[in-house]
Amino acid sequence: MVLTVEDLGKSYGEKVLFSHVNLNVNENDKIGIVGVNGTGKSTFLKTVAGKLTADTGNMVTMRNLRISFLEQSKEFDMENTVLMEVFKDDSPLMSALRDYEAALAKTEAGDLSPEVQQALVNASAKIDSVNGWNMESEAKTILNHLGIHDFEAKVGSLSSGQQKRMALATALIQPCDLLILDEPTNHLDSETIGWLEDYLAHWKGSLLTVTHDRYFLDRVTNGILEFDKGRTYSYDGNYSQFLELKAARIEQEEAGERKRQNFLRNELAWIRRGAQARSTKQKARIQRYEQVRDQKVDLNRNQVEIGLAGSRLGRKIIELENVTYEWEGKTYINDFTYTVLRNDRIGILGGNGTGKSTLLNIIAGRLQPTKGVVDIGQTVKLGYFAQTNVEMDGRLRAKEYIQEAAHYITMADGTKLSAGQLMEKFLFPPDLQWTEISRLSGGEKRRLYLLRILMEEPNVLLLDEPTNDLDLDTMAVLENFIEDFNGAIIFVSHDRFFTDRMAQKVFVFDDDAHVQIFMGGYSDYKAKADAEQAEKMHLQRQAERAKTTAEPAMEKAKPKSKSKGLSYNEAREYGEIEAVIASKESELKVVEMQMSMNGSDYDMLRELTGEQERITAELDKLMDRWAYLEEKAQES
């Protein structure tokens, strides 16, 4: 047993976030937490992590439980380097690694004073004593996979997305028994999410995570905890199994409610026939009726259905012709041409920093292309759901914020809905509508921002990471809305399930900033891209075999080379080997510094010389291996 939660409850003022939460977490359990925004999922994680105190209930943990926690927002010392922040922990190993990186940075800056050299030696000795060099190598490997390659860069020089990924690396690298991740896939591209799934699936430890990524929940978790209307329900299995089990639970609840109503009708008829409370038995029967009558049963499963009428689109929507965008010497979009069709459903894919949001901003007119033309039709009314919410006045109430856009909205069937009615459809009950924006959760603010845009009745929607911070129920609503929307929709999303369901075609940024167009969703694109890569490797192998056949007989007698291209295990090794080499180089640098400091101590010098030779030999092997993998990677 890692953790047991018993009747946990938490409130803010009169608002009950959750109550009577019970959960058992055993070794290697990987539990996903789902529920509508504002039900307290993030607060629950903070409570388990010890950042907040529960109002009711208690938690029982294994002895000396180690927890590593990724919050949605994390504060950094902007003057620290990346590695110093990653190692920012109170454990002896993390302290030693932090001291080592700080001293190493000073030596590389030219400070070779005895104090700095001694600090480097002392930190190195502490790392040696706990076999901590693997930790440094692991940290650099994780950072590389998360797209952060300059370990000595100051945190303040990183983009907000890079800082989010660094926070994830910090959580992953901490030795722990229970890993708690709040929205870990935000700010990650699809390829990096795939790596994270593989990493967590093979990670030995227990996991609690809040995420909206349904593929992630399917591939990583073996249990689901659902927050639903102030109650929680536990399910064994991944997200797909959870959906089946939840449907069975709801069906059972509805059957139970039918039985309750039948019981009440029968008992009420008995009472109306003139039953007298003359006996204890009759009194007990009446009391039982009253108890069953007063039970609170909420079977409301309202799904948000929004089909906006919108204004009519003319023949011309949006035309992009030879669009190029460059910034500070880098090309983000290279000679792109496309004509947007009336009912297009386009997903934009690509790694972080490749230009996806830039393309949306150019379409929206927020950025001007360096070259080329963007022509927007006169009837187009754009709605732009940006990656970050616009500034909201926290003093405004939620309903007032929506009414700033419009008081009424016309639906696809011609009916009109007031702002309040639409908010109820969008999971804002009357009491929440009059809540000040400053008191809403991050997910509720995100949902409110989306509703404000829809209230303006656009006929072309641009969505930049629309699924970030939205709960799964709201995402299902958004998906249903997109299917019924009478206009074009172009979106950027790292959510593979969302892209698979919504996109009819995808724009994919390649390494040269060209935008390729594939029909279908993410899985269709990935299958085609993998097939093209396999065909390319097949043709390369055929070319190699033809070359071998044409060689002179003497050359043929030489051992045949293995097939070109990296295997799966080699690809993983190739992705990690540079970090291992960097770690070994750091070890060697420390030993050489110790040798310079102990030149008169012959016994110590002899021992250090042996250590130097050992590390140098290991480094030579690593370099040879790297050269081999590099050559195969170039051939693949």
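Which residue in β11 is the bridge partner of Ile318? The structure is a predicted model, in which local features need a pLDDT of at least 70, side-chain atom pairs count only at pLDDT 80 or more, and totals for chains, interfaces and linings use all residues. Residues are numbered from 1 along each chain as its sequence is written, and side-chain values use heavy atoms, with hydrogens and water left out.

The partner of Ile318 is Val340 in β11. Strands β10 (residues 318-327) and β11 (residues 330-340) run antiparallel and are joined by 7 bridges; two strands count as paired if DSSP finds at least two bridges between them. Strands (E, at least two residues) and helices (H or I, at least four) are DSSP runs, numbered from the N terminus. The two strands make a hairpin with 2 residues between them, and Glu328 in the turn has a positive phi of about 50°. A positive phi, near 85°, also belongs to Gly365, which follows helix α11.

Confidence comes next. With pLDDT being the predictor's confidence in each residue, from 0 to 100, the protein chain averages 82, and 87% of the residues score at least 70. Over residues 556-563 the pLDDT is below 50, and this stretch has 5 contacts in the model beyond near neighbours in sequence; a contact means heavy atoms within 4.5 Å.

An open sheet of 3 strands follows the order β2-β1-β4, with antiparallel pairing. Because β2 (15-25) and β4 (56-61) each have a single partner strand, they stand at the edges, and one side of each is left without a neighbour in the sheet. From one strand to the next, the twist averages 20°, taken from axes that are lines fitted to C-alpha atoms (for helices over the stretch in contact), with angles from 0 to 180 degrees between N-to-C directions. Strand β1 (residues 3-12) is joined to β2 by 7 bridges, and Thr4 has Asn24 of β2 as its bridge partner.

Turning to burial, the classes are buried (under 20% relative accessible area), exposed (over 50%) and partly exposed (in between), with a 1.4 Å probe and protein chains only. Helix α11 (residues 356-363) is mostly covered, with 7 of its 8 residues buried; among them are Leu359, Leu360 and Ile362. Leu179, found in strand β6 (residues 178-182), is buried at a relative accessible area of 1%. Outside its neighbours within four places in sequence, Leu179 is in contact with residues including Ser68, Leu172, Trp203 and Leu208. Leu179 and Leu208 lie 29 residues apart in sequence, with 6.3 Å from C-alpha to C-alpha.

What of charged pairs? A search of the whole structure finds 19 salt bridges, each a side-chain nitrogen of Lys or Arg within 4 Å of a carboxyl oxygen of Asp or Glu. One of them joins Arg496 to Glu197, with the closest N and O atoms 2.4 Å apart. This pair links distant parts of the chain, helix α17 (residues 496-502) and helix α7 (residues 190-202), 299 residues apart. Both Arg496 and Glu197 are buried, and the two belong to a network of salt bridges with Asp213 and Arg219.

Glu79 forms a salt bridge with Lys154, at 2.9 Å between the closest N and O atoms. Glu79 is exposed at 55% relative accessibility, whereas Lys154 is partly exposed at 44%. The side chains of Glu618 and Arg614 also meet in a salt bridge (2.7 Å, N to O). Because these residues, Glu618 and Arg614, are 4 residues apart in helix α21 (residues 602-635), about one helical turn separates them.
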